[in-house]
Amino acid sequence: MVLTERVLSGDRLALARLLSMLESESPEGAEALALLYPHTGIAHRIGVTGPPGSGKSCLVSRLAHAYRHPQAGAGSRVAIVAVDPTSPYTGGAILGDRIRMRDLSGDPDVFIRSMASRGTLGGLAATTSSLVDALDAAGFDPILIETVGAGQAELEVARMAHSTIVVEAPSLGDEIQAIKAGILEAADIVVVNKGDLPGADHALRALQSAIELGLAVSEDLPPELQRGRKPGAQGWQTPVLTTVATTGEGVERLQGALMAHRQHLRSSGALVERERSRLRTEVGALLQVQLVERFLIRHGNGRYESLIEEAVLKRKSPRQVVRELLAEGAG
Ligand SMILES: Nc1nc2c(ncn2[C@@H]2O[C@H](COP(=O)(O)OP(=O)(O)O)[C@@H](O)[C@H]2O)c(=O)[nH]1
Ligand SMILES: [Mg+2]
């Protein structure tokens, strides 16, 4: 049986192989994904972001467990993708004090994958996207994507999800990391984890006001300034929930909020809008990479670098450089 058929039939080994191929950006991987692509579009893609140490990995494990073992009905097949390289998921086993989550590993209907390396060619978001597409085609739903909420790349990954959870933990000072990092606009659901620690109430209130303020502000902003805002954010009241990931407290409510958000995206038509915007970004990023690569193959690195040098010496502006590159690339 060929690889794609094996993936579709639920073969975990084949899936793992495909994910490695996609991660290393091999042409065979891209070819396989093209065949699988029509089978995607089922899974609920859930992004989980926030500062390191806020409890994302714990919370993701809890959520996965909740989806696997619902109070009523059959459990879902759950996939976890950890884009955060420090996250303690290693091929299904979870390290350290997360022993209680061991029942996730060894469950054939849970697939856990850590991204071994940051994508090179297509960028982090595009590589993650390919992995998630493969998991989607393989029948996992939901797919939980954990990232660090530190930079632009993570915002891009968040934008890739249908529903984004921003996780915050109470801090000693007044500072709320998620607000400082400017990732709050990307949130569909905000979670104050470590609700058992002092300062949780303060964090909850601070985040609630930030959300209200953020909403009031971004309605008036031009789209390009609404950095993290995603299509369909209107008409959804971003809930701020408290959880204790170590005990599982509040996780059911979080799951409820996720399902409500999925429903909102479906009924408002925002799901299609988000998909379109995500694909536009992804295609644009891939195209950019390919164009640069094509130029380098055709004209060599020397010409490229010498034009950059012209810009360094202020003889040409970056825009002029691009114009020349494009003119030469077309020849
Ligand atoms: N007190 C308390 N500690 C927690 C809670 N959730 C996670 N932790 C601890 O916080 C640390 C970081 O958790 P982790 O999930 O790795 O955070 P991540 O870096 O955001 O993925 C671990 O030692 C957890 O045991 C919580 O709700 N309460
Ligand atoms: Mg983590």
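These legends describe close-up views of a predicted model.

**View 1. The whole chain gives the setting for the close-ups.**
The protein has 331 residues, and 47% of them count as buried. Its secondary structure consists of 11 helices and 9 strands. About 16200 Å² of the protein is exposed, with 57% of that area supplied by carbon and sulfur atoms. Take the contacts in the protein with a separation of 6 or more: residues 24 or more positions apart account for 76% of them.

**View 2. Helix α3 has a buried side and an exposed side.**
Helix α3 covers residues 27–36. Which of its residues are buried? They are G29, A32, L33 and L36. These four sit on the same side of α3, because they cover an arc of only 100 degrees around the axis. Now look at the other side of the helix. There, P27, E31, A34 and L35 are exposed.

**View 3. The largest nonpolar core draws on helices and strands.**
This core holds 29 residues. Which members touch the most other members? They are L15, L18, L19, L135, F140 and I143. Several elements give two or more residues to the core. The helices on that list are α1 (3–8), α2 (12–23), α3, α5 (123–137) and α6 (152–160). The strands are β2 (78–82) and β6 (143–146). Another core, of 26 residues, lies apart from this one. Its members include V78, L144, W236 and L241.

**View 4. L15 is shown with its contacts.**
L15 is one of the core members that touch the most others. Leave aside its neighbours within four places in sequence. What is L15 then in contact with? The list is V7, F111, A134, L135, A138 and F140. Two of these partners, L135 and F140, also appear among the core members with the most touches.

**View 5. A salt bridge joins R45 and D133.**
The side chains of these two residues meet at 2.7 Å, N to O. R45 lies in strand β1 (residues 45–49) and D133 in helix α5, so the pair ties together parts that are 88 residues apart in sequence. Are R45 and D133 buried or exposed? Both are buried. This pair is one of 16 salt bridges counted in the model.

**View 6. D109 and R68 link distant parts of the chain.**
D109 and R68 form a salt bridge, and their closest N and O atoms are 3.7 Å apart. D109 belongs to the loop between β4 (93–94) and β5 (110–114), while R68 is in helix α4 (residues 56–68). The two are 41 residues apart. With a relative accessible area of 25%, D109 is partly exposed. R68 has a relative accessible area of 12%, so this residue counts as buried.

**View 7. Helices α10 and α11 are tied by R303 and E324.**
A salt bridge brings the side chains of R303 and E324 to 3.6 Å, N to O. R303 is in helix α10 and E324 in helix α11, so their bridge ties together parts 21 residues apart in sequence. R303 is partly exposed, at a relative accessible area of 31%. E324 is also partly exposed, at 26% relative accessibility. Which residues do salt bridges with shared partners join into one network? They are R303, E310, R315, K316, E324 and E328.

**View 8. L307 is a buried residue of helix α10.**
L307 has its place in helix α10. Its relative accessible area is 1%, so L307 counts as buried. The C-alpha atoms of L307 and E324 are separated by 8.6 Å, although the residues are 17 apart along the chain. Beyond its neighbours within four places in sequence, L307 is in contact with K316, V321, E324, L325 and E328.

**View 9. I308, V312 and L313 make a nonpolar surface patch.**
The patch made by these three residues measures about 250 Å². L313 is found in the loop between α10 (270–312) and α11 (318–330). At 46% relative accessibility, L313 is partly exposed.

**View 10. L184 is a buried residue in a loop.**
L184 is in the loop between α7 (177–180) and β8 (189–192). Is L184 buried or exposed? L184 is buried, because its relative accessible area is 10%, under the 20% cut-off. L184 and G50 are 134 residues apart in sequence. In space, C-alpha to C-alpha, they are 9.1 Å apart.

How values were computed. Residues are numbered from 1 along each chain as its sequence is written. Chains are lettered from A and ligands numbered from 1 in the order in which they are written. This is a predicted model: local features need pLDDT of at least 70, side-chain atom pairs count only at pLDDT 80 or more; totals for chains, interfaces and linings use all residues. Side-chain values use heavy atoms; hydrogens and water are left out. Patches are made of residues with over 30% relative accessible area and no salt bridge: like charges are joined within 9 Å, nonpolar side chains (Val, Leu, Ile, Met, Phe, Trp, Tyr) within 5 Å. Accessible areas come from the Shrake-Rupley method with a 1.4 Å probe; for residues, only the protein chains shown count as cover. A salt bridge is a side-chain nitrogen of Lys or Arg within 4 Å of a carboxyl oxygen of Asp or Glu. Buried means under 20% relative accessible area, exposed over 50%, partly exposed in between (1.4 Å probe, protein chains only). The arc is that of the directions from the helix axis to the C-beta atoms. A nonpolar core is a set of buried Ala, Val, Leu, Ile, Met, Phe, Trp, Tyr and Cys residues joined through side-chain atoms within 4.5 Å. Contact means heavy atoms within 4.5 Å.
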